[in-house]
Amino acid sequence: MILDTGRYACSVEMCPHSTDRLVVGTYQLDEAQGLREGDLQVYQVGGGDGAPSRKSTLEMTSGVLDCKWSATPVEDGGRPLLACGLAEGSLALVQGCIGEEDTVAVLEQTEARGHLYLSVDWNDRRESRVDKKVVVSEASGEVAVWSLAQDRMELLQRWDAHQLCGCPSEVWIAAFNAFDDNVALSGADDACLKIWDLRQAGEGGAAVMIPRQHDAGVTTLCWCPTEEHLFVSGSYDEHIRLWDIRSPRQPITSCHVNGGVWRLKWHSTRPLLASASMHRGATVVSTAESSLKVLHEYQDHDSMAYGIDWCPGGTSTSIASCSFYDHALHFWEVPDAGGALAGGC
């Protein structure tokens, strides 16, 4: 099943508070006016006739390069929160109403800084948090951490994180340690991967720079939802690498997916990793027994795949992925090759 998103599709995120709703973030440059336009689109996965359909659209002040849902359970009458990194250099906090209305609205938005906000991540991806925070990676070479209290955002810290040849290097990705939000990771166009102690970030000596293993920019990071010491990184060098944070000098293993890796999403209960592999389409990788093995390649995308997520509205191995220049949202199933999809991490 393929749907047209209208504008270029950048990111796909299943809502953790619903089994059949996801959002797509889009971005498109209006060259005539010099505007970076974008919107958020809410989709129902598997409606009355079983087919995915768009339920609502929210026009944003700029293109949506990345978005992530807060996983903290919503109280009765409450609404789920979505953090969005925008192309104008602002962080938008969006409030959703998932159900019959399927409306989303901007609750708060920071002042635009004039450069791309490339990725966002919450500190509550694994467990509920009262002190919710969002980490943002910026094209200026900086990483920032924002706090959320009473639906208002406050900048806690921002620091220069990556440089290349003495100039700021685009920080393509930043992510919290899912088991310890005093720790964050960042990856940038300098091909470096860094571990940050947020209790010291910006004061010098707070980063552990992992010896360079990728041969190009580090574009994505994802923490294992079941093993507290494991995370994966992806890069323009077309490789996924599996790491143990206790011994980060070199990866445990790696695999080649034949395309630049823009986003990685671990399955919540199975040893499976979904990769948006840019010009190669999408890839499903087994992570069983701390290994990496390509199980399936989905090559029906006609443009670079930038967004991907597991889609529990179908089977447990349904996936939604989106591609950029053909502004397409795909829904597909992962074939089970001889039981390879079973087991735990």
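**Entry 1: β29 and its sheet**

I looked up the pairing of β29 with strand β30 (residues 318-323) in this predicted model. The two strands run antiparallel and are joined by 5 bridges. I noted one bridge by residue: Ile 308 has Ser 321 in β30 as its partner. I then followed the sheet outwards and read the order β1-β31-β30-β29, an open sheet of 4 strands with antiparallel pairing. The edges are held by β1 (2-4) and β29 (305-310); each has a single partner strand, so one side of each has no neighbour in the sheet. From one strand to the next, the twist averages 20 degrees.

**Entry 2: the loop at Thr 19**

I located Thr 19 in the loop between β2 (8-14) and β3 (21-30). Is Thr 19 buried or exposed? Its relative accessibility is 56%, so I recorded Thr 19 as exposed; the cut-off for that class is over 50%. I also checked Thr 19 against Pro 312: the two are 293 residues apart in sequence, yet their C-alpha atoms are 5.9 Å apart in space.

**Entry 3: β7, β8 and the nonpolar core**

I turned next to β8 and asked how many of its residues are buried. The count is 6 of the 6, so β8 is largely enclosed by the rest of the structure. I sorted the side chains by direction: Leu 81, Ala 83 and Gly 85 point one way from β8, while Leu 82, Cys 84 and Leu 86 point the other way, and all are buried.

β8 is joined to β7 by 5 bridges, and the two strands run antiparallel. Within this pairing I found Cys 67 opposite Cys 84 in β8. I listed the contacts of Cys 67 beyond four places in sequence: Ser 11, Glu 13, Val 23, Leu 40, Leu 82, Ala 83, Cys 84 and Val 120.

The largest nonpolar core has 15 residues, and those touching the most other members are Leu 40, Met 60, Val 64, Cys 67, Leu 82, Cys 84 and Val 94. I traced the core to its strands and found that β5 (39-44), β7 (64-69), β8 (81-86) and β9 (91-97) each supply at least two residues.

**Entry 4: the sheet from β11 to β14**

I examined another open sheet of 4 strands, which has the order β11-β12-β13-β14 and antiparallel pairing. Here β11 (117-122) and β14 (152-160) are the edge strands; each has a single partner strand, so one side of each is left without a neighbour in the sheet. The twist averages 20 degrees from one strand to the next. β11 pairs with strand β12 (residues 132-138) over 5 bridges in the antiparallel sense, and I noted Trp 122 opposite Val 134 in β12.

**Entry 5: aromatic pairs and the annotated repeat**

I counted 13 aromatic pairs. One of them, Phe 231 with Trp 243, is stacked, at 6.2 Å centre to centre and 10 degrees between the planes. Phe 231 belongs to strand β22 (residues 230-235) and Trp 243 to strand β23 (residues 239-244), 12 residues apart. Both Phe 231 and Trp 243 are buried.

I consulted the UniProt record, an unreviewed entry, which annotates residues 211-253 as "repeat: WD". Over residues 211-253 I found 0% helix and 44% strand, with the end C-alpha atoms 15 Å apart.

Lastly, I recorded a cluster linked by ring pairs: Tyr 8, Tyr 27, Trp 172, Tyr 236, Trp 262, Tyr 306, Phe 324 and Tyr 325.

Note on methods: Residues are numbered from 1 along each chain as its sequence is written. This is a predicted model: local features need pLDDT of at least 70, side-chain atom pairs count only at pLDDT 80 or more; totals for chains, interfaces and linings use all residues. Side-chain values use heavy atoms; hydrogens and water are left out. Two strands pair if DSSP finds at least two bridges between them. Axes are lines fitted to C-alpha atoms, for helices over the stretch in contact, and angles run from 0 to 180 degrees between N-to-C directions. A nonpolar core is a set of buried Ala, Val, Leu, Ile, Met, Phe, Trp, Tyr and Cys residues joined through side-chain atoms within 4.5 Å. Buried means under 20% relative accessible area, exposed over 50%, partly exposed in between (1.4 Å probe, protein chains only). Contact means heavy atoms within 4.5 Å. UniProt positions are given in the numbering used here, feature names are shortened, and annotations may be inferred rather than shown by experiment. Rings of Phe, Tyr and Trp (its six-membered ring) pair if their centres lie within 6.5 Å; planes under 30 degrees apart count as stacked, over 60 as edge-to-face and the rest as tilted.
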